[in-house]
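Please open the structure in your viewer and keep the sequence panel beside it. The tour below goes from one selection to the next, and at each stop it says what is there.

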Amino acid sequence: MHLLKKILLVYLLINPTYIFAQDSSITRQNLFHYASASRINISDNDPISLSDQLVDPPRKSKLSLAGQPIFVNSERPMIDGTSWRKYSDIDYLRLSSMIGVMAAANITAYMYQRQVWYTKETTGFHSLDFSEDWGKYQQMDKFGHFTDAYFTSDLTGKIYRWSGISGNTSVWLGALTGWAWMLEIEVSDAFMADWGFSWGDMLANTLGSAFYVLQQFNYDALGGIHPKFSWHKSEAWKEMRYNTDPQALIEDYEGMTFWLTVNPHHYFPESWKKNYSEWLAPLGLAFGISAKDIGINPWGGYQEYFIGLDIDLRKLPIWGESGLMKFIISEVNFLRMPMPTFRFTSQGTWFGFYF
């Protein structure tokens, strides 16, 4: 009986300690913003019972790693090779160099635009009629502005995170940078006699940057959706069926296709993901839109609709642990790869590989 009392006493001492360890691990998880936690699989950090530890040694090993002290500003690795921080820990050399690179890229792009676009007569600042402008090009230019604003916001947000800025702040700075870059273009357009400041373009720019923000802070709901772009030189450009000769692909509206892709694997329950092939995880669906016969008549033409397969390049299990490689792939992933696709138009239906 005396021995039994000792055993019971030891158990009572151990059991509260184990319960406290469970509560501590949950508290540590809650230190991090929902947006950062949604980007990683934290199922292996969940508390498990004492019997599970004894039966499953590998899981016990994972628990021991997860149970190590976690600082308040622990970094959470993201799929794009950057890290999400609770608080900023800025590397000023990185940040200053990246600001310099972004400024140089902005100047280079602006000078290129002056050579391609801004070669005609200028005038005072003026804006376009909203309804007339919205009806041009079957809204292809508006899809372009949305995608460009989203892409620029996402890219600069990654750069800010890589420079040590906190996850939340990097999202807002990225969105502001992307939106300001597009605003610069609109202000330049406002002084061109043939164009003008487009409120429709600004609406598309704002929606693109806003979607980026919503996606980052609601990653579980929106993280499986990805805007993409593809282009091939259009027949209209080859046959000179534009009212003005395009000087670059950004003016070849008939060759552009804008996509919204969905990756089902992102929305699978964790129990499904454990038994799902990692080679099938990147596979998804793509929904696209393009337009034809708008080169010769900007207010005419017709739209084309697409549905096909898509590959989320970031999920391919071949990139290793290199943060740089993950970053590069996350940028290449904005291009929709040639995949089996159905095309639906007023002219009929087509099936084949499409880019």
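Over the ring of which residue does the charged end of lysine 233 sit? Select lysine 233 together with tryptophan 237, and you will find the charged end of the lysine over the tryptophan ring, 4.7 Å from its centre. Keep in mind throughout that this is a predicted model.

**The whole chain**

Now show the protein as a cartoon, in which you can look for 13 helices and 8 strands. Of the 355 residues in the protein, 39% are buried. If you consider the contacts with a separation of 6 or more, 69% of them are between residues 24 or more positions apart.

**Helix H5**

Select residues 92-116, which make up helix H5. At 1.5 Å a residue, the 25 residues of this helix should span 36 Å, and because its end C-alpha atoms are 36 Å apart, the expected span and the model agree. Next, add aspartate 91, which caps the N-terminal end of H5 with a side-chain oxygen that lies 3.1 Å from the backbone nitrogen of leucine 93.

Within H5, colour Leu95, Met98, Met102, Gln113 and Val116, which are the buried residues of this helix. To see what they pack against, bring up helix H7, residues 140-162, and helix H8, residues 167-189.

**Helix H9 and the aromatic rings**

Move on to helix H9, residues 199-217. The 19 residues of H9 should span 27 Å at 1.5 Å a residue, and its end C-alpha atoms are indeed 27 Å apart. At the N-terminal end of H9 the cap is serine 198, whose side-chain oxygen lies 3.4 Å from the backbone nitrogen of glycine 200.

While H9 is on the screen, show the side chains of tyrosine 150 and tyrosine 212, which form an edge-to-face aromatic pair with 6.3 Å from centre to centre and 75 degrees between the planes. Tyrosine 150 lies in helix H7 and tyrosine 212 in helix H9, so this pair ties together parts that are 62 residues apart in sequence.

Are these two tyrosines buried or exposed? Tyrosine 150 has 1% relative accessibility and therefore counts as buried, since the cut-off is under 20%. Tyrosine 212, at 0% relative accessibility, counts as buried too.

Widen the selection to Phe146, Tyr150, Phe151, Phe211, Tyr212 and Phe334, which form one aromatic cluster. Then select lysine 158 with phenylalanine 327, where the charged end of the lysine sits over the ring, 5.8 Å from its centre.

**The paired strands**

Hide the helices for a moment and go to strand S4, residues 256-262, which is joined to S5 by 5 bridges, the two strands running antiparallel. Tryptophan 259 has glycine 288 in S5 as its bridge partner, and glycine 288 in turn has phenylalanine 306 in S6 as a bridge partner, so that you can step through these residues one after another by following their bridges.

Stay with S5, where 7 of the 10 residues are buried, so that this strand is largely enclosed by the rest of the structure. S5 and S6 pair in the antiparallel sense over 10 bridges.

From S6, continue to strand S7, residues 339-345, which is antiparallel to S6 and joined to it by 4 bridges. One place to look is isoleucine 307, whose bridge partner in S7 is phenylalanine 342.

Strand S8, residues 348-354, pairs with S7 in the antiparallel sense over 7 bridges. S7 and S8 form a hairpin with 2 residues between them, and here threonine 345 has glycine 348 in S8 as its bridge partner.

**The loop between S5 and S6**

For the last stop, select tryptophan 299, which is found in the loop between strand S5, residues 283-292, and strand S6, residues 302-311. With 46% relative accessibility, tryptophan 299 counts as partly exposed.

What does tryptophan 299 touch, leaving aside residues up to four places away in sequence? The residues it touches are Glu132, Gly135 and Lys136. Zoom in on glutamate 132, where the backbone oxygen lies 3.1 Å from a polar atom of the side chain of tryptophan 299. Finally, add tyrosine 137, which is 162 residues from tryptophan 299 in sequence but 6.0 Å from it in space, C-alpha to C-alpha.

Conventions:
Residues are numbered from 1 along each chain as its sequence is written. This is a predicted model: local features need pLDDT of at least 70, side-chain atom pairs count only at pLDDT 80 or more; totals for chains, interfaces and linings use all residues. Side-chain values use heavy atoms; hydrogens and water are left out. The expected span of a helix is 1.5 Å times one less than its number of residues. Buried means under 20% relative accessible area, exposed over 50%, partly exposed in between (1.4 Å probe, protein chains only). Contact means heavy atoms within 4.5 Å. A polar contact is a pair of N or O atoms within 3.5 Å; within protein, one must be able to donate a hydrogen and the other to accept it, and residues adjacent in sequence count only if both atoms are side-chain atoms. Rings of Phe, Tyr and Trp (its six-membered ring) pair if their centres lie within 6.5 Å; planes under 30 degrees apart count as stacked, over 60 as edge-to-face and the rest as tilted. A charge sits over a ring if NZ of Lys or CZ of Arg is within 6 Å of the ring centre and within 35 degrees of the ring normal.
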